[in-house]
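Reader: I should like to learn how to read strands and helices in a structural model. Could we work through an example together?

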Amino acid sequence: MLFKKRNFRRRVSISREAMDGIISYSKIRHPNEAILIVKGKSRDGHIMVDGLVIPPFSHSGPTFAGFPHSFLPFDMSYVGTVHSHPGGTAEPSVTDLNNFFGLVSLIIKWPYRDQDIFAWNSKGDGIELSIG
Ligand SMILES: [Zn+2]
């Protein structure tokens, strides 16, 4: 068998500008949830986030933020979403996992500092994350 096994260690990095955008948008929306599409690149399991898009027709409240995926244009630079949890933890909820979009789900919890953001895959497992 000639399978070349590549062990991708999935990780996420967020540019400083994108991180600052996530922080300010979450603060503006507080105490409601904020949701944004994250743009960037993915190579060999390394997801690089360097831009944000406000999703069309987004709706949000204190416990759920979402948008209809069918309205999204097909865009390879959309690598996932980020949303805020104004209360509680940065763990993904069942609703979050059911609405998973792209490669990564970033969740930032109150009070929205660098150390309050976490990255998750579609199974709800944590992914290593760095900023800058
Ligand atoms: Zn959530």
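Reader: How many bridges join strand β7 to strand β8, and do the two run parallel or antiparallel?

Author: Please note that this is a predicted model. In general, strands of a sheet pair through backbone hydrogen bonds, either parallel or antiparallel. Here β7 (residues 104–109) and β8 (residues 117–120) run antiparallel and are joined by four bridges. Within this pair, L106 stands opposite A119 of β8.

Reader: In what larger arrangement do these strands take part?

Author: They belong to a closed barrel of seven strands, in the order β1-β3-β2-β6-β7-β8-β9, with mixed pairing. From one strand to the next, the twist averages 35°.

Reader: Which residues of helix α1 are buried, and which are exposed?

Author: The general idea is that an α-helix has 3.6 residues a turn, so residues three or four places apart point the same way. In α1, the buried residues are A18, M19, I22, Y25 and S26. Viewed down the axis of α1, the buried residues fall within an arc of 130°, so they line one face of the helix. On the other side of α1, R16, E17, S24 and I28 are exposed.

Reader: Where does α1 lie relative to the strands?

Author: Helix α1 lies across β1, β2, β3, β6, β7, β8 and β9, and runs at about 50° to β3.

Reader: Is I131 buried or exposed?

Author: I131, which lies in β9, is partly exposed, because 16 other C-beta atoms lie within 10 Å, whereas a buried residue requires 20 or more. Beyond its neighbours within four places in sequence, I131 is in contact with I14, R16, M19 and D114.

Key. Residues are numbered from 1 along each chain as its sequence is written. This is a predicted model: local features need pLDDT of at least 70, side-chain atom pairs count only at pLDDT 80 or more; totals for chains, interfaces and linings use all residues. A residue is buried if 20 or more other C-beta atoms lie within 10 Å of its own, exposed if 12 or fewer, and partly exposed in between; C-beta atoms are placed from the backbone. Two residues are in contact if their C-beta atoms, placed from the backbone, lie within 7 Å. The arc is that of the directions from the helix axis to the C-beta atoms. Two strands pair if DSSP finds at least two bridges between them. Axes are lines fitted to C-alpha atoms, for helices over the stretch in contact, and angles run from 0 to 180 degrees between N-to-C directions.
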